[in-house]
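Reader: Please take me through the terms used for this fold. I want each label set against its cut-off.

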Amino acid sequence: MSILRWMPGLATLRSYEASFLPRDMAAGLTLGAVMVPVGLAYGELAGLPMAGLYGSILPLLAYALFGSSRHLVVGPDTAMAAIVAVAVAPLALGDPLRLALLATGLGVMVGLICLLAGLLRLGFVANFLSKPVIAGFMHGLALVIVGAQIPKVLGFKVEGETTFDQLVATASRLGDTNLASLAIGASCFAVILICRRLAPRIPGAVVALAGSMLAVVLLGLERHGVTLIGRIPTGLPDLSLPLLSLADFDALLPVALVAALLSFSDTMITARAFGARHGTRVDADQELLGIGTANLVSGLTQGLPISASDTRTAVADAAGSRTQVTMVVAAAIVAGVTLWMGDLLYYLPTAALGGILIASAWGLCDLGEFSRLWRFRGSDLAAALLTMTGVVVLGVMDGILVGVVFSLVLLLRALAFPADAALGRTPDGGWHDPAHRTDAVSVPGLLVYRFSAPLFFANCELFRERIEARVAAAPHPVRRVVIDGAAIHDVDLMACDLLVDLERELRAKGITLAFGNLRDRVRRDIERGLRLAAGDGEGDIVYPTVAAAACLPPSKPLP
């Protein structure tokens, strides 16, 4: 039973129905045919052509055993390949063997991070990347891919540290465009989009791959300057542990943390979406184990880091996939290609891979998401645009950091300047904001105040200033101030020190300060903080309800 708990794929096999097999086989064949050109394209993007195929074999089997989703398809994806190309490749200094070592080391590190997080049940960390940051990152990543692939489609090479530099260099060399390469890349891009739009069951990437290779052979495009992928190694990958130096580990750790968070976030989004379609649920902590095992296996077998793929999941789902057996069949197809069909890929033009990748980047874009962010809150759109710009101008890691920091600033600003209200009493004895309840009437001499945020160092001074301002502006002299603490879900020691000072200042004016309707933990923290700040002789200002606190007699002014 414990093995089934940790390996949901075995539980699926135990309850597998024979009627599922024809659909899983057909979906696996279709998926495998799609994963070959896509895997080659992602490997080409990362600078390791075979790593995309290697990451599409054993990692699929690992996720099929350890993942909780019966429908999710994992493998190298646009984001992971781009992270290797942008954040890891510069560390290799042009050495392909060192790049392979660093890329596989990154996969192992991502896997270990996800496995550790799964064992510690840290599945909730997927919520730490806000939607604006994810949206901005995805669109920025699409521009990164386009900037790297357009020169291949146009038939020349450019240099540049950032996507912005690459785009500027590409614009300066438009006169060197190879029309045959451009025709191949544009045709592959168009075929994929047309199939995606009009015939989603037809694998557009496979059609584009076969068509481009046929055109090269029949028209002799190699003689017209079309660059081919050439000979690729055949055979299955070796099992080896990448041995990183301490300096390499330090350089890759922040990249691995970001990649792990992005991989898991993307996995949860896709798994939940397809789970809802089929009426199944996924376990976030088990998904960490599944995606962690897949990344670990990919790193040990010379593959790229792994994430979920919404497009390949959609392909399998449209082809009738019922269980994880689909991924097993697809992995066998990719393995067969690497064993026996490597020579056929000799005639694959790099412009075709560029067109396939640009089509993948197109799939990352959703301009309607920017419209939704704008209609919801302008600051969310600003966070998305800032992240996207940072990814394009500064690089992937710095762009994400810019977006996360901006989002944290917005969060701190919301906590530091929260909403508040002076409450009035309703005929039923409750206390409500008069802006929402017209029958809420203020009681002369009583200020009932609600502060809708945790009370901590960043906003406690504002808390005091707002209370003092409302006391000064009250139409009748205030004799009691009661804080409705229902919305205060946390408090720190600095805030407790301020409460002691505020209580003394108000008492000096003949005004009583009291708290009511506090949560148990917050009540205990405030009482402990007050004892630490003022000792036991200051009196109790914490009461169970607002009504109880409001009935306190006013304090007399200090002599």
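Author: Helix α20 (residues 460-473) lies across β3, β5, β6 and β7 and runs at about 150° to β5. The model is predicted: local features need pLDDT of at least 70, side-chain atom pairs count only at pLDDT 80 or more, and totals for chains, interfaces and linings use all residues. Residues are numbered from 1 along each chain as its sequence is written, and side-chain values use heavy atoms, without hydrogens and water.

Reader: What makes α20 a helix and β5 a strand, and how is the angle of about 150° defined?

Author: Both are DSSP runs numbered from the N terminus: helices are H or I, at least four residues, and strands are E, at least two. Axes are lines fitted to C-alpha atoms, for helices over the stretch in contact (heavy atoms within 4.5 Å). Angles run from 0 to 180 degrees between N-to-C directions.

Reader: Which other helix packs on the sheet?

Author: Helix α21 (residues 493-508) does, touching β6 and β7. Its direction makes about 135° with that of β7.

Reader: How do you know that β6 and β7 pair?

Author: Pairing requires that DSSP finds at least two bridges between two strands. Strand β6 (residues 480-484) and β7 are joined by 5 bridges, so they pair. They run parallel. Arg480 has Thr512 in β7 as its bridge partner.

Reader: What makes β4 and β7 edge strands?

Author: Each pairs on one side only. The open sheet has 5 strands in the order β4-β3-β5-β6-β7, and its pairing is mixed.

Reader: How many bridges support the antiparallel pairs of β3?

Author: Strand β3 (residues 420-425) has 4 bridges to strand β5 (residues 446-451). Ala422 is matched there with Tyr449. To strand β4 (residues 431-432), β3 has 2 bridges, with Arg425 opposite Trp431. β3 and β4 form a hairpin with 5 residues between them, and Gly429 in the turn has a positive phi of about 90°.

Reader: Why are α6 and α8 called oblique?

Author: The axes of helix α6 (residues 78-92) and helix α8 (residues 131-154) come within 10 Å and cross at roughly 60°. Angles under 35 degrees count as roughly parallel, over 145 as roughly antiparallel, 65 to 115 as roughly perpendicular and the rest as oblique. α6 and α8 are therefore oblique to each other.

Reader: Which residues meet between α6 and α8?

Author: Thr78, Ala79, Ala82 and Val86 in α6 meet Phe137, Leu141, Val144 and Ile145 in α8.
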